[in-house]
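Thanks for coming. I will take one protein today and walk through how its parts sit together. Please have a look at it first.

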Amino acid sequence: MNKMIIKYLEIPEYFKFDDAAKYLPLLSDEQQTEIKRYRYEDSKLTRLFAHLLLRNEIKEQTGLTDDQITIRRKAYGKPYLYGHDDFHFPISHSGRQIAIAAGENAVGIDIEIIKERRMKLAERFFLAEEYQYILDSDDMDEAFYYIWTRKEAYIKYTGEGLRRDLASFSTLNDKGKNRGSYRSFRTDTAMISIYSEHITDCPIAPVHVPFSFPL
């Protein structure tokens, strides 16, 4: 049976980047340089813990050690695990929350903290049926992020990013245009969506990782 793991983590507000500096040596020189370039505290922390959460998952699923893990990037910047093309691990973050999907099948993931709906964006980037879905919903804020995270998950799956017109595909009924499927999950404060061609083959149970997860 194919395996796909979804995990999410929230960094508490009290935790500062200086508190996490001791973990930097666990990462590659390139990853450390990337993190240090960010100006804002939240950005540094989410990148750091995204890398740490991912490395733990890679080691757990593949048996690799820290010094055997090499992350490289494809043409559009999509990362991959060198020497393990059959292992996929998209990452997403919003505020201080991080979500990863990892396993044997290509997958895209997005997490967004649920705030007030942004109907101007919906008018511009959503199809009529998606826009109507929001209007018909009992919770329009949640409905907006349900659609938005699915859009993001799909373009991350394809590796196209925002080069793909978000209005060129539906997240509700693709009428055969997409071969895969979506799944969406509501946490206490965020929406997580994934897209993959193999979801129906995989047991999916999002796991909330306590902040004190072992490093």
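Let me start with a single residue: is Phe211 buried, partly exposed or exposed? Its relative accessibility is 21%, and buried would need under 20%, so Phe211 counts as partly exposed. Keep that residue in mind, as I will come back to it. I should also say now that this is a predicted model.

First, the overall picture. The protein has six helices and nine strands. Of its 215 residues, 46% are buried. The exposed surface comes to about 11,500 Å², and carbon and sulfur atoms supply 46% of that area. If you take the contacts between residues at least 6 apart in sequence, 60% of them join residues at least 24 apart.

Now the sheets. Strands of a sheet pair through backbone hydrogen bonds, and the pairing can be parallel or antiparallel.

One open sheet has three strands in the order 6-8-7, paired antiparallel. Which strands stand at its edges? They are strand 6, residues 107-113, and strand 7, residues 181-186; each has a single partner strand, so one side of each is left without a neighbour in the sheet. From one strand to the next, the twist averages 15°.

Strand 8 covers residues 190-196, and its antiparallel pairing with strand 7 runs over six bridges. A hairpin of three residues connects strand 7 to strand 8. Two residue pairs show how these strands line up: Ser181 is opposite Ser196, and Arg183 is opposite Ile194. On the other side, strand 6 and strand 8 are antiparallel over seven bridges. There, Ile111 has Ile192 in strand 8 as its bridge partner. Strand 6 is mostly covered, with six of its seven residues buried.

A helix packs on this sheet as well. Helix 6, residues 140-158, touches strand 6, strand 7 and strand 8, and its direction makes about 145° with that of strand 6.

Let me stay with Ser181 for a moment. This residue belongs to strand 7. With a relative accessible area of 24%, Ser181 is partly exposed. Which residues is Ser181 in contact with, leaving aside its neighbours within four places in sequence? The answer is Ile194, Tyr195, Ser196 and Ile199. His198 is 17 residues from Ser181 in sequence, and their C-alpha atoms are 7.6 Å apart in space.

On to another sheet. This open sheet has four strands in the order 4-5-1-9, and its pairing is mixed. Its edge strands are strand 4, residues 91-94, and strand 9, each pairing on one side only. Strand 1, residues 4-10, and strand 5, residues 97-103, pair in the antiparallel sense over seven bridges. Within that pairing, Ile6 is opposite Ala101 in strand 5. Helix 3 lies across strand 1, strand 4 and strand 5, and runs at about 25° to strand 5.

That brings me to the rings. How many aromatic pairs are there? The count is 16, taking rings of Phe, Tyr and Trp with centres within 6.5 Å. One of these pairs is Phe49 with Phe211, the residue I opened with: the ring centres are 5.3 Å apart and the planes are at 45°, so the pair is tilted. Phe49 is in helix 3, residues 41-62, while Phe211 is in the segment after strand 9, residues 207-208, so this pair ties together parts that are 162 residues apart in sequence. Phe49 is buried, with a relative accessible area of 2%, whereas Phe211 is partly exposed at 21%.

Another pair is Phe144 with Trp148. Their ring centres are 6.0 Å apart and the planes are at 15°, so this pair is stacked. Both residues are in helix 6, and because they are four residues apart, about one helical turn separates them. Phe144 and Trp148 are both buried. Ring pairs also join Phe144 and Trp148 with Phe125, Phe126 and Tyr145 into a cluster.

Finally, two charges that sit over rings. The charged end of Lys44 is over the ring of Phe17, 5.3 Å from the ring centre. The charged end of Arg72 is over the ring of Tyr82, 3.9 Å from the ring centre.

That is my last item. Thank you.

Terms used. Residues are numbered from 1 along each chain as its sequence is written. This is a predicted model: local features need pLDDT of at least 70, side-chain atom pairs count only at pLDDT 80 or more; totals for chains, interfaces and linings use all residues. Side-chain values use heavy atoms; hydrogens and water are left out. Buried means under 20% relative accessible area, exposed over 50%, partly exposed in between (1.4 Å probe, protein chains only). Contact means heavy atoms within 4.5 Å. Accessible areas come from the Shrake-Rupley method with a 1.4 Å probe; for residues, only the protein chains shown count as cover. Two strands pair if DSSP finds at least two bridges between them. Axes are lines fitted to C-alpha atoms, for helices over the stretch in contact, and angles run from 0 to 180 degrees between N-to-C directions. Rings of Phe, Tyr and Trp (its six-membered ring) pair if their centres lie within 6.5 Å; planes under 30 degrees apart count as stacked, over 60 as edge-to-face and the rest as tilted. A charge sits over a ring if NZ of Lys or CZ of Arg is within 6 Å of the ring centre and within 35 degrees of the ring normal.
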